[in-house]
Amino acid sequence: MLRDTPTTIYLKDYRPPEYLIDRVDLTFELGEEETRVRSVLQIRENPAAEVSGVLRLHGEQLELIALSLDGRPLQATEYQVDDEGLTIQQMPAQCILESDVRILPQKNTALEGLYKSGTMFCTQCEAEGFRKITWFLDRPDVMSRFTTTIRADRIRYPVLLSNGNPLNEIQTDDGMHQITWEDPFPKPAYLFALVAGDLRSIEASHTTPSGRDVALKIYVEPENIDKCDHAMASLKHAMAWDERCYGREYDLDIYMVVAVNDFNMGAMENKGLNIFNSKYVLASPETATDRDFQGIESVIAHEYFHNWTGNRITCRDWFQLSLKEGLTVFRDQEFSADMGSRGVKRIEDVRLLRAHQFAEDASPMAHPVRPDSYMEINNFYTVTVYEKGAEVVRMQANLLGSDLYRKGTDLYFERFDGQAVTTDDFVQCMAEVSGRDFSQFKRWYSQAGTPELKISSDFQPEQQRYTLTVAQHCPATPGQPDKAAFLIPFAVGLLDKNGNEMPLQLQGEAEAITGTRMLEVSERRQQFTFIGINERPVPALLRGFSAPVKVQYDYSDEELMFLMAAEPDGFCRWDAAQTLAQRILLKRVATPDAEIPAGFVEAFRKALTDRESDQALLAEVLTLPSESYLGDQMKEVDVEGIHRSRESLKRHLALTLKDELLSLYHDNYSADGYAPDAVSIGRRSLRNLALSYLIQLDDPAVLQLCIDQFRAGQNMTDVLAALSLVADKDVPEAEQLLEQFYQQWKNDPLVMDKWFTLQALANRPDTLSRVENLMKHPAFSLANPNKVRSLIGAFCSGNAVGFHAADGSGYQFLGDRVLELDGMNPQVASRMVRIMARWQRYDKQRQQMMKAQLERILKTEGISRDVFEIASKSLE
Ligand code: PHE
Ligand code: ZN
């Protein structure tokens, strides 16, 4: 907790460590009151650094029991312990440092370091949690070989796990047992893990191309043992994919995944022993939705992929976080695209990026993919570092093409295996294999903000020329008033009036290509002239979303409808529909009865009745832009107006297209068993989307369809879709079904999360008071991050009308929760306070009220560094 203003840490201050730790021997004695940690460190001077002779180890909340150097107990004058670490004054060039400390995992509510989740012990060390376990050089450029011995009660903790391979188990007379694990790969302390509990596991095996047999194990609490199959199947797919697409295979004899209920994030890639939020492991058709199944597949893959991009090659310092996260997200995105529907995956990723990352870039929290300063590193696990970071890697792949990109990653793995490196090192590999200069490209890592491309076109029929003029501009962000021009891979195509691709030949080029052309925009203003163009084309811009930018081009409504129908690129087709819908929606925020172009409804009808195309893609095309995304497009967010406009357009579409929507609903019914494949998911999405339009009609027959779908109980996707529509309505069935759902699932925490979210998102006047009451519900707990996110987080960030209530009650509620949470779990509190970082986007009254909450939080004594950083930067 804060005493002084937190210090800011700068990338420019990076220095290599003065000491290295080659070996770490840890012994844990896990107890019900306290845990003892004995550590033996082999330390030596770093030959590559200037050494002062003073060793400073990180350590927090450790109670010293004993300390010795080369076997000699240290005298009180030879070392100092403070809140943040241990200092040893006269260090020999190399030595063995032994320590014995007491820690209190049972009291650890921050879920960082060693803590208890239910009856099991587990750890979370990224980014700086290892220092709450023992004294160490807790920085990613210090890589050590770890041996870990765990001693614990045999009955309570029959399963004892750590990184690497198990050596031996010893039973002792006192009812205890102990196991030693050895990890042969040097790793930074943030990848350390330990688990102890009464767990069951499912087991499978995988043989790598080089013939290594790997045992795959997923550990869960006994009641969940039948919910692990999808995670295991996903793991096997991920292993095969990484072998095929990146030539990477696994390197230990055993790969373990453990599911825990209390976890701050999604999952963690600890070497050989991933620890997961149970949300990303457990699934059955009855309890998990299609989204959950997809989430599991991608997070399992993400953590597996980290074994090479993160673990074998790690980050030099935390400013390089995107080196592992951006690259690994790009890898998991491509994996999911290969497993399911590629076009839909791209749309989902772009939707997320635009909704959250573009918003972050436009907020006081905007920061580069490689930040240059931070107060609390936990605050930088952001959509910018992850998702924009992935786009930055994707652009490099776009610029190089797949063969050269693969050569680049091959070189990266070969050159840097076993090292802690930087994003520059990664880009350097891409530069070397391609012979290209990436210095301008690297601005994507150092400059924050979303570039905007203003595009105009000019057709000169006499010369058969078509010119695209592209101007780029990037708005100022905190600390970066002026931006240099970016290098932007800009994929375009030109369509003739029949919707065919026109041959593309730039002035000065010898021949034409057909299909997509990857233009490279590098100047502030640039022209691209295509020759041999004999009619005015419709341009398809930023195909596949080839760069994380905003594009402005003055399409007519007719051109957008044409693209919706004819454009071959799925992303552009979807984007045309979004742009058109957005136009209409925003117009009707200002003028509620502004006309809805008949052509728009017709384009919708055409899409609805098109039985040819991919259902999942269709569902995306027919989904209107979200309220929050619409808000981002306005000068000042009109929460109520946006909500009204969106509801009324849905109602209009439902009224006009009722028959089509009904037959879509019925035609996509399937009596087959549940399968989470792309085709079945597409059908369910489309069907439930149709229902969400139809419910706008206030027609008792539609309500009955929802109730029937709920009662049929075929799978959680359909049950939840139906229930959430009914729960919005002011009808007696709403309470009945919610109660029935609760009775059926009250013992399943992950399903209870859905039950909380559903009620937090309900569009009703009394939602906030219901949320407040639900906080007292026995199934709720402020100590469990999933619960906080599914109730408080869902209301504050997913229910705009409720949260932004004109009387400020939503803001007061959030302010109270942030302060209440901060004492327990600063990381979770800090995620919550972030919701108010965008206060400038609202009207004066709301601004005042949000600011008042941020100021109240800042004035509170003892707030965490995490919350301080977000609240203070939000007000700057
Ligand atoms: N490194 C984890 C991932 O991206 C995320 C994480 C960060 C988990 C910090 C816990 C703590 O896979
Ligand atoms: Zn990751």
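Which protein donors hold the zinc ion (ligand 2)? In this predicted model, they are His 302 (NE2), His 306 (NE2) and Glu 325, which appears twice through OE atoms, at 1.9 to 2.8 Å from the zinc ion.

**The zinc site**

Read along the chain, the donors of the zinc ion (ligand 2) fit the spacing H-x3-H-x18-E. His 306 sits in the loop between α2 (290-305) and β22 (314-315), while Glu 325 belongs to helix α3 (residues 321-339), so this pair ties together parts that are 19 residues apart in sequence. Both His 306 and Glu 325 are buried. As for geometry, the zinc ion (ligand 2) has six donor atoms with angles of 48 to 162° among them, and its site comes out as irregular.

**The nonpolar core**

Now for the greasy part. In soluble globular proteins, nonpolar side chains tend to be buried together. Here, the largest nonpolar core counts 286 residues. Tyr 405, Tyr 412, Phe 426, Phe 490, Phe 530 and Phe 741 have the most contacts inside that core. Among helices and strands, look at α10 (residues 570-590): this helix gives the most to the core, with ten residues.

Which residues does Phe 741 touch, leaving out those up to four places away in sequence? The list is Phe 710, Met 716, Val 719, Leu 720, Leu 723, Val 751 and Trp 755.

Phe 530, another of the core residues with the most contacts, can be set against Gly 340. Their C-alpha atoms are separated by 36 Å, with the two positions 190 residues apart along the chain. Gly 340 lies in the loop between α3 and α4 (342-361), and at 35% relative accessibility it counts as partly exposed.

**A covered helix and a cavity**

Is helix α27 (residues 865-875) largely enclosed or largely open? Nine of its eleven residues are buried, so α27 is largely enclosed by the rest of the structure. The buried ones are Asp 866, Val 867, Phe 868, Glu 869, Ile 870, Ala 871, Ser 872, Lys 873 and Ser 874. Their cover includes β23 (373-374), α24 (809-822), α25 and α26 (844-859).

Asp 866 turns up again in the lining of the largest cavity, along with Met 265, Asn 378, Asn 379, Gln 827, Ser 830, Arg 831 and Arg 834. Helix α25 (residues 826-833) supplies the largest share of that lining, three residues. The largest cavity holds about 50 Å³ of space, and the whole structure has five cavities of 30 Å³ or more.

**Backbone oddities**

Most residues other than glycine have a negative phi, and most peptide bonds are trans. A few spots in this chain go the other way. One is the cis peptide bond joining Glu 126 and Ala 127, with omega about -5°; Ala 127 is in the loop between β11 (120-124) and β12 (144-153). The other spots are two non-glycine residues with a positive phi, set out here.

| Residue | Phi | Loop | Relative accessible area |
|---|---|---|---|
| Gln 464 | near 50° | between β25 (452-460) and β26 (465-473) | 35%, partly exposed |
| Asp 698 | about 50° | between α16 (678-694) and α17 (700-712) | 54%, exposed |

Why does Asp 698 count as exposed? Its relative accessible area is 54%, and exposed means over 50%. Gln 464, at 35%, is partly exposed.

Definitions and conventions. Residues are numbered from 1 along each chain as its sequence is written. Chains are lettered from A and ligands numbered from 1 in the order in which they are written. This is a predicted model: local features need pLDDT of at least 70, side-chain atom pairs count only at pLDDT 80 or more; totals for chains, interfaces and linings use all residues. Side-chain values use heavy atoms; hydrogens and water are left out. Donors are N, O and S atoms within 2.8 Å of the metal (3.2 Å for Na, K and Ca); water is not among the atoms, so sites may look incomplete. Four donors count as tetrahedral if all angles lie between 85 and 135 degrees; four count as square planar and six as octahedral if opposite donors are over 155 degrees apart and all others between 65 and 115; anything else is irregular. Helices (H or I, at least four residues) and strands (E, at least two) are DSSP runs, numbered from the N terminus. Buried means under 20% relative accessible area, exposed over 50%, partly exposed in between (1.4 Å probe, protein chains only). A nonpolar core is a set of buried Ala, Val, Leu, Ile, Met, Phe, Trp, Tyr and Cys residues joined through side-chain atoms within 4.5 Å. Contact means heavy atoms within 4.5 Å. On a 1 Å grid over the protein atoms alone, a cavity is a set of points where a 1.4 Å probe fits but cannot get out, and a pocket is an open set with protein on both sides within 12 Å along at least five of seven lines; lining residues have an atom within 4 Å of a point. Grid points are joined across faces, edges and corners, and a volume is the space filled by probe spheres set on the points.
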